[in-house]
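The exercises below concern one interface and two pockets. Each task is followed by a solution that proceeds in steps.

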Amino acid sequence: MVLGLVVMVAAIAAMASQVFRENLMYFYSATEVVNGDVPPQARIRLGGLVVPGSVQREPASLRVDFRMADCEHAVAVSYEGILPDLFREGQGIVATGRLQDGVFVADEVLAKHDENYMPPELAEKLGADGTGHSCAPFKSLERS
Amino acid sequence: MTEFFAMGGYAVYLWPSYVVFLAVLFGAWGTALWRGRRIRRAILRERRGRNDKR
Amino acid sequence: MWLWFHRLGSGPTFYPFAGRLAWLLAIPGLLLLLHGLYGALWAAPVDYQQGQGYRMIFVHVPAAWLSLFIYSSMAVAAVVALIWRMKVAEVYIIDAAIPGAGFTAAALITGMLWGKPMWGTYWVWDARLTSELILLFLYLGVLALDQAIEDKRQAARACALLALVGAVNVPIVHYSVEWWNTLHQGPTVSKFDSPSMDMRMLVPLLELTLASTLLFGTIVLVRMRATLLWRERHSRWVGEIVEAGQ
């Protein structure tokens, strides 16, 4: 009985530590990319805000070019594919891809919305019409 | 009314999530009540069986 | 106080008490549920970012709250069961784990249904989603352990042990969004000083969370009553209750 318990707990712990080791820090920040703190050529995730005014859609294709920033630096991003509903200028997003010659070439873009909920009238009054997101969630956390 | 059920285009995600939540809530309640009835009946049967043998 | 505590732990006292308490929780629970659903689906305004889609929060948060609350309560019951060998506490662990697993699954499923349109994906392996999935496995582990061990007293001790050990995952789930960077957003409601939500949205959310907690109380009490009857089916008090058709 005790043995079964130990085996089960061990199995769960093993799975947990495996997943956590790979994904604990779900994304890198733009500052880390600019400082060269990310493994070159590796497939990584980059989190940040879409820089307002930087989005350029290529007509007749799904190609989008934009810049992603945290509170300090910005990185150029290129993506071809379907964007989530919440993708817009100023929105927090997490892109997955590789750095190629200073441009982050993404193959997946996910939206990271914030924890604030309010009616549009109030948002307008606060100036938070979807373009005034906080860069706080994208600060580079200390890596273990 | 149609607009209400369409939920701004999120109907296919929104309504199933309400159904899942309410199904778990009332499903757990219903099965709990049903299990109680079944157990009371089983105990009663067991007691009757013993009494008959006597 | 101690005497009362001990008496409550015995079947003949607990059974009628739990029956009355179950209804006492169910009635305000149902009323709050109805009022909360009206607020959630109709009265609350749309969100500036997610439009109508944010209404997913009104079922996702109560389910996620219960998944953590129920496991924490099981860990408390486990301490009582291991130290004082109180039968009612042993029964609670299993009878709470069944709805607990259900609400955890509901939190995961409603979260996936919310993630697809908003984030752009049903699932990511970030710290919040992964630790919540582990929570589901812990619930299933407790239930599997109870099924696997023939002797019910022994099974209860094993389950209590797992409930207690697994409780380390509860703060991990809750703080995962602050300790690590995740795709999941930060806490909205638990920032008591300034919840990041409009009042017309916050009130139905709290109503539905309270309602489902009350109704969970009803569910677990109904289950515990039946479990106690079955475990003590050869005792006189059970005979009297069953014969009287109560």
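**Exercise 1: Polar pairs at the interface**

Task: Determine how many residue pairs are in polar contact across the interface of chain C and chain A.

Solution. The rule finds 11 such residue pairs, both residues being at pLDDT 80 or more. A polar contact is a pair of N or O atoms within 3.5 Å; within protein, one must be able to donate a hydrogen and the other to accept it, and residues adjacent in sequence count only if both atoms are side-chain atoms. The model is predicted: local features need pLDDT of at least 70 and side-chain atom pairs pLDDT 80 or more, while totals for chains, interfaces and linings use all residues. Residues are numbered from 1 along each chain as its sequence is written, chains are lettered from A and ligands numbered from 1 in the order in which they are written, and side-chain values use heavy atoms, without hydrogens and water.

Next, consider the elements involved. α4 (87-118), α5 (127-148), α6 (152-166), α7 (169-179) and α8 (199-231) of chain C each give two or more residues to the side that touches chain A; helices are DSSP runs (H or I, at least four residues), numbered from the N terminus. The most, eight residues, comes from α5(C).

**Exercise 2: Extent of the interface**

Task: State what area is buried between chain C and chain A.

Solution. Buried area is the accessible area (1.4 Å probe) that two parts lose on being put together, summed over both. Here it is about 3,800 Å², with 67% given by carbon and sulfur atoms. Of the area that chain C buries against chain A, 23% is supplied by C:Tyr48, C:Gln49 and C:Asn181, more than by any other three residues.

**Exercise 3: Two pockets**

Task: Describe the lining of the largest pocket and that of the second largest pocket.

Solution. A pocket is an open set of points on a 1 Å grid over the protein atoms alone, where a 1.4 Å probe fits, with protein on both sides within 12 Å along at least five of seven lines; lining residues have an atom within 4 Å of a point.

1. The largest pocket has a volume of about 910 Å³. Its 37 lining residues include C:Val61, C:Ala64, C:Trp65, C:Arg128 and C:His174, the closest to its centre. α3(C) gives the most to this lining, with eight residues.

2. The second largest pocket holds about 550 Å³ of space. Among its 23 lining residues, C:Leu8, C:Phe14, C:Val88, C:Tyr92 and C:Met224 are the closest to the centre. The largest share of this lining, six residues, comes from α8(C).

Notes:
Grid points are joined across faces, edges and corners, and a volume is the space filled by probe spheres set on the points.
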